[in-house]
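User: Please take me through the aromatic pairs of this structure, and explain how each label is earned.

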Amino acid sequence: ESRSSVLETKRRVIGQLIVCQGCCCGATNKDRPSVPVEWLKDEWRKRGLLKRFQLSVSGCVGPCDVPNVVVVNSESGSEWLGNITDFNQYRSLVDWAVRCVEGGHLLELPREFKDHRLQPWRQI
C-alpha cells in the first residue's frame, strides 16, 4: 500500500478569502480606509460559510503601497484585489462567497472588482 506524499485535510473547502489588516491595510491612523474585520467574521459565521469557504485575516500580505488588499485562493490559483475601500465591496464579497458555496465551486468574481485586480508578482 503506497501513501500519497501530498497531505490532505479533513475539511474540503472551495476557496479561501484572505483579508489584509496589517501595517497599512485598514490603518485608519494612516488615512487608509478601514477593513470591517469583525463584521466579516460575523457574516461568515452567520451565513454558514466557515466549513466550505475559509476566511483568514492576515497581518500582511503585501504589497503595502496598495491599500486594503484581498486575496482569493483556490485550487486554480490566486486572485489579488486592491483598493477594496468601500463597505459595499466587502458585502459583495460575502454575497459572492455564499453563491460559490451554494453552487459548490468557485464562481468568477463580480464584475465590480474588474478594476481592482492586482498583479503583485513581476520579473525584475
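The turns below deal with ring pairs and with burial.

Analyst: This is a predicted model, in which local features need pLDDT of at least 70 and side-chain atom pairs count only at pLDDT 80 or more, while totals for chains, interfaces and linings use all residues. Residues are numbered from 1 along each chain as its sequence is written, and side-chain values use heavy atoms, with hydrogens and water left out.

User: What makes two rings an aromatic pair, and how many pairs are there?

Analyst: Rings of Phe, Tyr and Trp (its six-membered ring) pair if their centres lie within 6.5 Å; planes under 30 degrees apart count as stacked, over 60 as edge-to-face and the rest as tilted. By this rule there are 4 aromatic pairs.

User: Why is the pair of W44 and F53 called edge-to-face?

Analyst: The ring centres of W44 and F53 are 5.8 Å apart and their planes stand at 75 degrees, so the pair is edge-to-face. Ring pairs also link W44, F53 and W96 into a cluster.

User: How do you know whether W44 and F53 are buried or exposed?

Analyst: Buried means under 20% relative accessible area, exposed over 50% and partly exposed in between (1.4 Å probe, protein chains only). W44 has 1% and F53 has 0%, so both count as buried.

User: What are the labels of W80 and W121 in terms of accessibility, and why?

Analyst: W80, with a relative accessible area of 11%, is buried, whereas W121, at 61% relative accessibility, counts as exposed.
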